[in-house]
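Work through the exercises below with the structure open beside you. Try each task before you read its solution.

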Amino acid sequence: EYNIVRPKGYTVSYHATDEMEKHHFGQTHPMKPWRLTLTKSLVTSYGMPFAMDNYNTRHATYEELNAFHSSDYLDYLATAAPEDQPRDQDSEKEPKFNLGGSDCPLFHGLYDYCSMSAGTSLDAARKICNKQSDIAIAWGGGLHHAKKSEASGFCYINDIVLAILQLLRLYPRVLYIDIDVHHGDGVEEAFYSTDRVMTVSFHKYHPETFFPGTGGLEDNGPKSEHNPGAHHAINIPLNDGITDEQYENLFKTVIGSVNERFRPSAIALQCGADSLAGDRLGRFNLRVQGHGACVRYCKSLGVPMILFGGGGYTPRNVARAWAYETSIAIGAEASIPSTIPEHAPWRSHFIHDTLFPTLSQSLSEPRNNRNTEKRLREIVAHVNEQLRFVQH
Ligand code: V1S
Ligand code: CA
Ligand code: ZN
């Protein structure tokens, strides 16, 4: 009805499962898996599934998770029960592998949830490797903080690392880009010592007060020039309140230069939606359009790409951004009306009936922009200096 048609000349695949969305981290926890249900229902109410190949995700196997994570960690993750949660009363119980604290609680079905998230991203990577998709979408993935043997920041299994490992079997160089408001530390660390993956994270940076506290401008990989990973980690540390205009300029400038020097053969883009204005944990002033502009720019580079989810703690805005970005992937942005369809389930959840709320609709108090043009120029200059060492 909205004239959504299959894109000509390329294929987009959408990887999801209703099963993942049923899990709960706990009443007060900001991570709400049902934001994926909201996203899927918005995508569907616009008729976008007609333009994509839609896959119901399977669980990733233990062996697949073991490609990055240690057996010790996976064994504990598979067997730990919510009852094992260390409580204040019995302080003898230290959290093992950082599991069971308030950030990474043990909940019923945790292992299923993790293996499904990894399953969506692995399926996406395989479709890219088989050349059956040009853009593969895995909104249930994007859990960028998980380490080899440790959970961190709501992330237990690093599905992005697993997907990139798949891409590396076929593609010589993979560019990882992360627009979540938090630093993509787990992915950066996993590929710190290789020149086959360049990681670029844009994030709010404040070592003492903002999670995870890493990702300073000067952190560009191993300091030794003999290490192939030197200069292959790029960090864009930002302050509160950055606007669409500044972010989009910065993104295009940085990623444009990175693309020229690194010449990626595939792109992995983490689209964490906590960088949007009005996010419960985020601090930026991005609108859905500004966030989506990053996806559009990456698509224009013309290499195969995976879109991952990630953070995003105001579910109605997460759904808006990821539905809009799905429309960009299939080239239907101009065909979908900005008013949320009358028949969309959960329509009342959106409060304002538009895909593109204004800043004042998203925030009761506007957040001051603490990013000066001078500082942004310094950041660009530093990135270009790093890139002089990179030539593929
Ligand atoms: N910011 C933040 C924040 N909020 C919480 C939290 C709040 C309520 C709960 F019931 C449970 C947790 N934790 C944090 C951060 C972790 C942010 C993770 C972001 C993940 C991602 O979007 O990048 C990708 C999916 N944790 C902390 O700040 C650590 C603490 C230092 C302070 C908060 N307490 C609860 C834990 C320790
Ligand atoms: Ca980031
Ligand atoms: Zn985040």
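The exercises cover a ligand site, a metal site, salt bridges, a helix and some backbone angles.

This is a predicted model, in which local features need pLDDT of at least 70 and side-chain atom pairs count only at pLDDT 80 or more, while totals for chains, interfaces and linings use all residues. Residues are numbered from 1 along each chain as its sequence is written, chains are lettered from A and ligands numbered from 1 in the order in which they are written, and side-chain values use heavy atoms, with hydrogens and water left out.

**Exercise 1. The ligand shell**

Task: Describe the residues that surround ligand 1 and their polar contacts.

Solution:
- Step 1. Apply the cut-off: a residue is near a molecule if one of its heavy atoms lies within 4 Å of it. Ligand 1 is surrounded by 18 residues. The closest are Asp103, His144, His145, Asp274 and Tyr313.
- Step 2. Sort the shell by class. Ala, Val, Leu, Ile, Met, Phe, Trp, Tyr, Cys and Pro count as nonpolar; Asp, Glu, Lys and Arg count as charged; the others, Gly among them, are polar. The shell has seven nonpolar, eight polar and three charged residues.
- Step 3. Look for polar contacts (pairs of N or O atoms within 3.5 Å). Asp103 places a polar side-chain atom 2.6 Å from a nitrogen atom of ligand 1. For His145, a polar side-chain atom lies 2.7 Å from an oxygen atom of the ligand. For Asp180, the distance to an oxygen atom of the ligand is 3.3 Å.
- Step 4. Check the cover. On its own, ligand 1 has 760 Å² of accessible area, and the protein covers 69% of it. Such areas come from the Shrake-Rupley method with a 1.4 Å probe.

**Exercise 2. The zinc site**

Task: Which residues coordinate the zinc ion (ligand 3), and where do His182 and Asp274 lie?

Solution:
- Step 1. Find the donors: N, O and S atoms within 2.8 Å of the metal (3.2 Å for Na, K and Ca). Asp180 (OD), His182 (ND1) and Asp274 (OD) coordinate the zinc ion at 1.9 to 2.0 Å. Water is not among the atoms, so sites may look incomplete.
- Step 2. Read the spacing. Along the sequence the donor residues follow D-x1-H-x91-D.
- Step 3. Place the pair. His182 is in the loop between β4 (174-178) and α6 (185-190), and Asp274 is in the loop between β7 (266-270) and α8 (288-300), so they tie together parts that are 92 residues apart in sequence. Helices (H or I, at least four residues) and strands (E, at least two) are DSSP runs, numbered from the N terminus.
- Step 4. Check burial. Buried means under 20% relative accessible area, exposed over 50%, and partly exposed in between (1.4 Å probe, protein chains only). His182 is buried because its relative accessibility is 8%. Asp274 is buried too, at 0%.

**Exercise 3. Salt bridges**

Task: How many salt bridges are there? Then place the Arg126 and Glu378 examples.

Solution:
- Step 1. Use the rule: a side-chain nitrogen of Lys or Arg within 4 Å of a carboxyl oxygen of Asp or Glu. The count is 13.
- Step 2. Take Arg126 and Glu64. Their closest N and O atoms are 3.0 Å apart. Arg126 is in helix α4 (residues 110-129) and Glu64 in helix α2 (residues 62-65), 62 residues apart, so the pair links distant parts of the chain. Arg126 is partly exposed at 29%, whereas Glu64 is buried at 16%.- Step 3. Take Glu378 and Arg375. Their salt bridge has an N to O distance of 3.2 Å. Both residues lie in helix α11 (residues 373-387), three residues apart, about one turn of the helix. An α-helix has 3.6 residues a turn, so residues three or four places apart point the same way. Glu378 is partly exposed at 34%, and Arg375 is partly exposed at 32%.
- Step 4. Look for shared partners. Arg58, Glu64, Asp123 and Arg126 are joined into one network by salt bridges.

**Exercise 4. Helix α5**

Task: How many residues of α5 are buried?

Solution:
- Step 1. Count them. Nine of the 10 residues are buried, so α5 is largely enclosed by the rest of the structure.
- Step 2. Name some. Among them are Ile160, Leu162 and Gln166.

**Exercise 5. Backbone angles**

Task: Is the peptide bond from Phe211 to Pro212 cis or trans? What is the phi of Asn3?

Solution:
- Step 1. Recall the background. Most residues other than glycine have a negative phi, and most peptide bonds are trans.
- Step 2. Read omega. The bond from Phe211 to Pro212 is cis, with omega near -10°. Pro212 sits in the loop between β5 (197-204) and β6 (233-238).
- Step 3. Read phi. Asn3 is not a glycine, yet its phi is positive, about 60°. Asn3 lies in the segment before β1 (12-16) and is exposed at 61%.

Technical notes:
A polar contact is a pair of N or O atoms within 3.5 Å; within protein, one must be able to donate a hydrogen and the other to accept it, and residues adjacent in sequence count only if both atoms are side-chain atoms.
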